[in-house]
Amino acid sequence: MSEAYIVTAVRTAGGRRNGKLSGWHPVDLAAQVLDALVERSGADPALVEDVFMGCVSQAGEQANNVARNAVLACAQLPESVPGTSIDRQCGSSQQALHFAAQAVKSGAMDVVIAAGVESMSRVPMGTTSKLPRDAGLGHYQSPRIRQRYHDVEFSQFMGAEMMAKKYRLNKDQLDAYALKSHQRGIAATQSGAFKDEILPIEIRDDQGQPTGQMLTADEGLRLDATLESIQSVKRLKEDGVITAANASQICDGAAGLLVVNEKGLKALGAQPLARIHHMTVLGHDPVIMLEAPLPGTDIALRKAGMRIGDIDLFEVNEAFAPVPLAWLQHTGADPQRLNVNGGAIALGHPLGATGAKLMTTLVHALGRHGKRWGLQTMCEGGGMANVTIVERL
C-alpha cells in the first residue's frame, strides 16, 4: 500500500462573526485556498483528481455541494476536477483529510485536496436544523432516537457542562486555560509562527467589494485579555461553568491540504511536509457528546503502536475548555506540548474548516520546532472524534 503525504497546507486567518471575512461568499473564500494550494505546490492543476471539503452548515451559500462550487470558483482548477462535501460536524475537514489519505494510500488516486470552509457569519450555526423545523419540515431527532435517549435534546453546551462536572473542572481552571490559549496565540502571532501557513485575504465590505486591506492575522485574538476580564464574562447557565470566554469563538475561515502518494510526489516534483501515519474515527456517547477524543486517542495510539510520550505536539480542538483539560487528565500528556500556538478559544473555530486548519497549524509547528510526531483530535457533534497521527519529514 502507498503512503499518504501532505505536500502543502494553508489556511486563512480566522475572521470574527460579522468581521473581516464576512464580506466573502464562502464558496469564493474556499476557492482562494484551493488556488493557493495549487500555486504554492507548483502542481499542474490537471493532476488534482478530487476535492474533499468539510462544511457543517450546508445550507444557503454553503448548499448544493460547496466543494464542487469552490472548484468552479477557482482560477487554478479546471472544470474536470470534481468535489464532494463532508459533514462529520466539527471534524468535517479532518475527515476530508482521512478520505483524501485513504484515496491515495489505496492507489485509487494520486493527487487530491482535503479542505474545509465555514462562514458562520453568513450561514449561522444551527441553520440546517432550525430552518426546516421552523418551516414545519421536521427535525433530525427521530422518534426512535428520542426513545433510545429519553427525549434528551442533544446539546454541545450541556455536554461541556457535563464534561466539566465529570472531570471535576471548576470555572477557575477553565478560565485560566482560556487565558493561556490567548497568551499562546498572541505569542505565536507576534513571533511570526503563523506566517507560512496563513494565506493573506483581501477584506471585503458588506457588498462584497474589495477594500484594499488584507487580513493576515487571526481576528479573534484578544490582545488585552486578562484573567479578570475572562472571569467576568457571564455564565451560559446560571449554575454552570461555561462562558463565551472559555469556549471557542464563532469564526469564518477556510483551510486546505494537498495530499499525494509516491506517484503523486514524483508527478509534482515536490517534497512533503509530513506523512500521515495513522487515522482513527470513533463514535461515543452523543449526550455528553464531547468526550470521544479521550478514548479515540487511546485507540489511535494502540493501533499505531505508540505511547502518549512518543508524540511531540498535540492539537486538541478547544471547542470548550473542558475538552482539552479532560483530555490532558485522561491521557497524562505533557501540557507544554498541547496547542502550543493557542487554540480555538483564542483563534476561532470555523466548524467545517477547523480540522484542516488544525492540521495546517500542526505540520507547520512540527517543522518550526524541529519535532517529528504530531497528533490531532477533536470532539464532534453526535459524540464522535477523529484522531490523526502525522510524521514530519
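These exercises walk through the cores, pockets, cavity and selected residues of a predicted model.

Residues are numbered from 1 along each chain as its sequence is written. In this predicted model local features need pLDDT of at least 70, side-chain atom pairs count only at pLDDT 80 or more, totals for chains, interfaces and linings use all residues, and side-chain values use heavy atoms, with hydrogens and water left out.

**Exercise 1. Describe helix α1 and find its part in the largest nonpolar core.**

Step 1. Fix the terms. Helices (H or I, at least four residues) and strands (E, at least two) are DSSP runs, numbered from the N terminus. Buried means under 20% relative accessible area, exposed over 50%, partly exposed in between (1.4 Å probe, protein chains only). A nonpolar core is a set of buried Ala, Val, Leu, Ile, Met, Phe, Trp, Tyr and Cys residues joined through side-chain atoms within 4.5 Å.

Step 2. Check the length. α1 has 16 residues and spans 23 Å between its first and last C-alpha, close to the 22 Å expected at 1.5 Å a residue. The expected span is 1.5 Å times one less than the number of residues.

Step 3. Check burial. In α1, 12 of 16 residues are buried. Among them are Val33, Leu34 and Leu37.

Step 4. Look past the end. Gly42 follows α1, and its phi is positive, near 70°.

Step 5. Place the helix in the core. The largest nonpolar core has 49 residues, and Leu34, Val51 and Val260 are among those with the most contacts inside it. Helix α1 (residues 26–41) gives the largest share of this core, nine residues. Apart from this core lies another, of 45 residues, including Ala160 and Met306.

**Exercise 2. Work out what lines the largest pocket.**

Step 1. Define the space. On a 1 Å grid over the protein atoms alone, a cavity is a set of points where a 1.4 Å probe fits but cannot get out, and a pocket is an open set with protein on both sides within 12 Å along at least five of seven lines; lining residues have an atom within 4 Å of a point. Points are joined across faces, edges and corners, and a volume is the space filled by probe spheres set on them.

Step 2. Take the volume. The largest pocket holds about 910 Å³.

Step 3. Find the centre. Of its 30 lining residues, Gln89, Ser129, Tyr140, Phe154 and Gln156 are the closest to the centre.

Step 4. Assign elements. α4 (127–134), α6 (156–166) and β12 (373–380) each supply at least two lining residues. α4 gives the most, with four.

**Exercise 3. Locate the largest cavity by its lining.**

Step 1. Count and size. There is one cavity of 30 Å³ or more. The largest cavity has about 40 Å³ of space.

Step 2. Read the lining. Arg11, Cys251, Pro350 and Lys357 are among its lining residues. Strand β9 provides the largest share, five residues.

**Exercise 4. Is Asn317 buried or exposed, and what does Asn317 touch?**

Step 1. Place the residue. Asn317 sits in the loop between β11 (313–316) and α11 (322–331).

Step 2. Read the area. Asn317 is buried, with a relative accessible area of 1%.

Step 3. List contacts (heavy atoms within 4.5 Å). Not counting residues up to four places away in sequence, Asn317 touches Val323, Pro324, Ala344, His349, Thr354, Leu358, Thr377 and Met378.
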